[in-house]
Amino acid sequence: MSEHTEHRRFTRIPFDATTRLEQKGREWTVHLIDISFKGFLIESTELDDVDPIHPFEARIELSREATVRMKAELRHRKGTHLGFACEQIDMASMEHLRRVIELNLADSTKIERELHELIEV
């Protein structure tokens, strides 16, 4: 895990949704602060002894019908704030995430630019 530097190319959307993280058979419910196409930021006081190398399974419940599921890697930690990078996401989850971002960004060209950048990365 390296020191966090500001190189963000993806818009963060402040979002509150029930979010669960799982790692090595352990599970935590955490507070989601924001989400983007490339990852998410949470707040938690319960993740002090996690393995920063081992990936997490994240479930972000947008509604009863829509859940974003992804494999995520812990990238940075500052106090109780932890930033995760999306390493793998299924198509249905990507569609749900795209819808959340579309509803929160007024500029549709920015969404297309970010999706193009995501594909190119």
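The expected span of a helix is 1.5 Å times one less than its number of residues. Keep that in your pocket for the helix stop further on.

**Getting your bearings**

What you have open is a predicted model. Color it by confidence to begin with: the chain averages a pLDDT of 86, and 82% of the residues score at least 70. Now select residues 1–7, where pLDDT stays under 50. For that stretch the model has 8 contacts beyond four places in sequence. Let's leave it and move on.

Switch to a cartoon view. You can pick out 2 helices and 7 strands. Start at the N terminus and follow the chain along: the order is β-β-β-β-β-β-β-α-α. Of the 121 residues in the chain, 38% are buried. Turn on a surface if you like; the accessible surface comes to about 7400 Å², and carbon and sulfur atoms account for 48% of it. One more thing about the whole chain: take the contacts between residues at least 6 apart in sequence, and 54% of them join residues at least 24 apart.

**Stop one: Leu-21**

Select Leu-21, which you'll find in strand β2, residues 18–23. Is Leu-21 buried or exposed? Its relative accessible area is 0%, so Leu-21 is buried. Show what touches it, skipping neighbors within four places in sequence, and you get a list that includes Trp-28, Val-30, Phe-56, Ala-58 and Phe-84. Arg-26, Glu-27 and Glu-57 are also among the contacts of Leu-21. For a distance to try in the viewer, go from Leu-21 to Lys-71: they sit 50 residues apart along the chain, with their C-alpha atoms separated by 9.6 Å.

**Stop two: the nonpolar core**

Which residues touch the most other members of the largest nonpolar core? Select Leu-21, Phe-40, Ile-42, Leu-47 and Phe-84; the core they belong to has 27 residues. Color the elements that give two or more residues to this core: β3 (26–35), β4 (39–43), β5 (56–61), β6 (67–78), β7 (81–89) and α1 (91–104). In soluble globular proteins, nonpolar side chains tend to be buried together.

Stay here and click Leu-47. Beyond residues up to four places away in sequence, Leu-47 touches Leu-21, Trp-28, Val-30, Ile-42, Arg-77 and Leu-82.

**Stop three: Val-30**

Next comes Val-30, in strand β3. Val-30 is buried, with a relative accessible area of 8%. Leu-21 turns up again among its contacts, along with Thr-19, Ile-42, Glu-43, Ser-44 and Leu-47, once residues up to four places away in sequence are set aside. Try the C-alpha distance from Val-30 to Arg-20: 6.0 Å in space, for 10 residues in sequence.

**Stop four: two loops**

Between β2 and β3 there is a loop, and Lys-24 is in it. Look at its backbone: Lys-24 has a positive phi of about 50° although it is not a glycine. Lys-24 counts as exposed because its relative accessibility is 55%, the cut-off for exposed being over 50%.

Now jump to the loop between β6 and β7 and select Thr-80. With 28% relative accessibility, Thr-80 counts as partly exposed. What does Thr-80 touch, not counting residues up to four places away in sequence? Show Ile-42, Glu-43, Ser-44 and Thr-45 to see its partners. Then add Glu-46, which is 34 residues from Thr-80 in sequence and 8.7 Å away, C-alpha to C-alpha.

**Stop five: helix α1**

Finish on α1, and take the helix definition back out of your pocket. α1 has 14 residues and reaches 20 Å from its first C-alpha to its last, close to the 20 Å expected at 1.5 Å a residue. Select Ser-93, Met-94, Leu-97, Val-100 and Ile-101, which are buried. Turn the view until you look down the helix axis: the buried residues of α1 fall within an arc of 120°, so they line one face of the helix. Now look at the face turned away from that buried side, where you'll find the exposed residues Met-91 and Leu-103.

Technical notes. Residues numbered from 1 in each chain as written. Predicted model: local features only at pLDDT ≥ 70, side-chain atom pairs only at ≥ 80, totals over all residues. Heavy atoms only, no water. pLDDT = per-residue confidence, 0-100. Contact = heavy atoms within 4.5 Å. Helix = DSSP H or I, 4+ residues; strand = E, 2+ residues; numbered from the N terminus. Buried < 20%, exposed > 50% of the residue type's maximum accessible area, 1.4 Å probe, protein only. Areas by Shrake-Rupley, 256 points an atom, 1.4 Å probe, with all protein chains shown as cover. Core = buried A, V, L, I, M, F, W, Y, C linked by side-chain atoms within 4.5 Å. Arc of directions from axis to C-beta.
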